[in-house]
Amino acid sequence: MLSIGAFSKICKVSAKTLRYYAEIGLILPSEINPENGYRYYAIEQLETMLLIIRLKSYHFSLEEIKRIIDSEESNEETLYFALTRKKEDMEKQLHEQEKILCQLECDISNLKSGNPIMSYLDDIDVELVEVPMMCLLSVRKMVQADHFSDEYGVCFGKLLGRIKKENLTAANPPMVLFHNNEFSPFGLDTEFAVPIREYVTGTRDFKAGLCLKTVVKGSYSILSSVYAKQTKWAEQNGYECTGALFEVYVTDPSQAAGEDELITEVYYPIRKI
């Protein structure tokens, strides 16, 4: 048996932390002296403590670690799936950090060259186009900001499934229309749509008419900047927005090898003031 002090010294974890871990049921002393309250740990618990330390280094929360340790399933199997998911999460975070670092380096380069940090907006092209009438098969719902990626898959899955089942013909790539003027606590009023050639139950006519159009190649993260540029262009040239902004996904993100292959058309319906 090891005293809490000896256990603490070997594992390099403070006695205060060990007491807290005992409070939350993460790792309990093997024995507590009823007379003086001294806590003792079994030699075998060193391995459990080292596992806790290892999982913490992988940024597992204490709650997650407790679930892993308490799992009734095979400990190795539970660990395998937990570590695999954590690895995927960390790779995703690393990818996001790499994108941010690249953007940061670009901003530093612009400032070093004497260009404003927002000068990248000058590279966003805006053109006037007339969008013809379309027949849309769509699903419209309120979507929270952090649920968009999931809803894209669910809603377009339903729409494309119906197109296949009823032998309908897609006329253009899938699109999303944003009907809100702003975000609300209930989410954004969003319409997921696929233009089709046939008129069937649930379809509707959609005519955007005159629009500002910008073609975006690459990450979706720039789309807010595109809308900002289009809004500024409309104001400077005497136009106002007349309807739902919409995006057309020329490239299916599930088929793209990387973000560089994504092509998105961004539309901003307008009329002359």
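What follows is a friendly conversation about how several labels in this predicted model are earned.

Reader: Let's begin with the salt bridges. What makes Asp70 and Lys66 a salt bridge?

Author: The closest N and O atoms of Asp70 and Lys66 are 2.7 Å apart. The cut-off is a Lys or Arg side-chain nitrogen within 4 Å of a carboxyl oxygen of Asp or Glu, so the label applies. As background, side chains of opposite charge can pair when their charged atoms come close.

Reader: How are Asp70 and Lys66 placed in helix α4?

Author: They are 4 residues apart in α4, which spans residues 62–70, and that separates them by about one helical turn. In general, an α-helix has 3.6 residues a turn, so residues three or four places apart point the same way.

Reader: Why are Asp70 and Lys66 called partly exposed?

Author: Asp70 has a relative accessible area of 42%, and Lys66 has one of 28%. Buried is under 20% and exposed is over 50%, so values in between count as partly exposed.

Reader: Which residue forms a salt bridge with Lys87?

Author: That is Glu91, with the closest N and O atoms 2.6 Å apart. Both residues lie in helix α5, again 4 residues apart, about one turn of the helix. Glu91 has a relative accessible area of 43%, which makes it partly exposed.

Reader: What makes the pair of Glu191 and Arg204 a link between distant parts of the chain?

Author: Glu191 sits in strand β7 and Arg204 in strand β8 (residues 203–206), with their positions 13 residues apart in the numbering. Their side chains meet in a salt bridge at 2.8 Å, N to O.

Reader: Is Glu191 buried or exposed, and what about Arg204?

Author: Glu191 has 2% relative accessibility and counts as buried, whereas Arg204, at 30%, counts as partly exposed. The 20% limit for buried is therefore what puts the two partners in separate classes. A search of the whole structure finds 12 salt bridges.

Reader: Back to α5. How do you know that its span is close to the expected one?

Author: Helix α5 has 38 residues and reaches 54 Å from its first C-alpha to its last, close to the 56 Å expected at 1.5 Å a residue. Its buried residues are Thr78, Leu79, Ala82, Lys86, Asp107 and Asn110. Among the elements covering them are α3 (45–57) and α4. Just after α5, Gly114 takes a positive phi of about 90°.

Reader: Why is Asn110 called buried?

Author: Its relative accessible area is 17%. Buried means under 20%, so Asn110 qualifies. Leaving aside neighbours within four places in sequence, Asn110 is in contact with Asn115, Pro116 and Ser119.

Reader: Now the interior. Which residues have the most contacts inside the largest nonpolar core?

Author: They are Phe156, Phe192 and Ile196, in a core of 29 residues. Elements that each supply at least two residues of this core include β5 (134–143), β7 (188–195), β9 (209–217) and α7 (223–236). The largest share, 5 residues, comes from α6. In soluble globular proteins, nonpolar side chains tend to be buried together.

Reader: What does Phe156 touch, beyond its neighbours within four places in sequence?

Author: Phe156 is in contact with Glu151, Pro174, Met175, Val176, Phe192, Ala193, Val194 and Tyr249. There is also a second, separate core of 19 residues, which includes Leu18, Leu26, Tyr41 and Ile52.

Reader: How do you know that β1 and β3 pair?

Author: They are joined over 2 bridges, in the antiparallel sense. Pairing needs at least two bridges, so β1 and β3 meet the requirement. One of the bridge partners is Tyr40 in β3, opposite Ser3.

Reader: What makes β1 and β2 edge strands?

Author: The open sheet has 3 strands in the order β1-β3-β2, with antiparallel pairing. Strands β1 (2–3) and β2 (31–32) each pair on one side only.

Reader: One last residue: why is Met133 called partly exposed?

Author: Met133 has a relative accessible area of 47%. The exposed class starts over 50%, so Met133 stays in the partly exposed class. Met133 lies in the loop between β4 (127–131) and β5. Apart from neighbours within four places in sequence, Met133 is in contact with Asp205, Phe206 and Lys207. Met133 and Glu44 are 89 residues apart in sequence and 72 Å apart in space, C-alpha to C-alpha.

Conventions: Residues are numbered from 1 along each chain as its sequence is written. This is a predicted model: local features need pLDDT of at least 70, side-chain atom pairs count only at pLDDT 80 or more; totals for chains, interfaces and linings use all residues. Side-chain values use heavy atoms; hydrogens and water are left out. A nonpolar core is a set of buried Ala, Val, Leu, Ile, Met, Phe, Trp, Tyr and Cys residues joined through side-chain atoms within 4.5 Å. Buried means under 20% relative accessible area, exposed over 50%, partly exposed in between (1.4 Å probe, protein chains only). Contact means heavy atoms within 4.5 Å. The expected span of a helix is 1.5 Å times one less than its number of residues.
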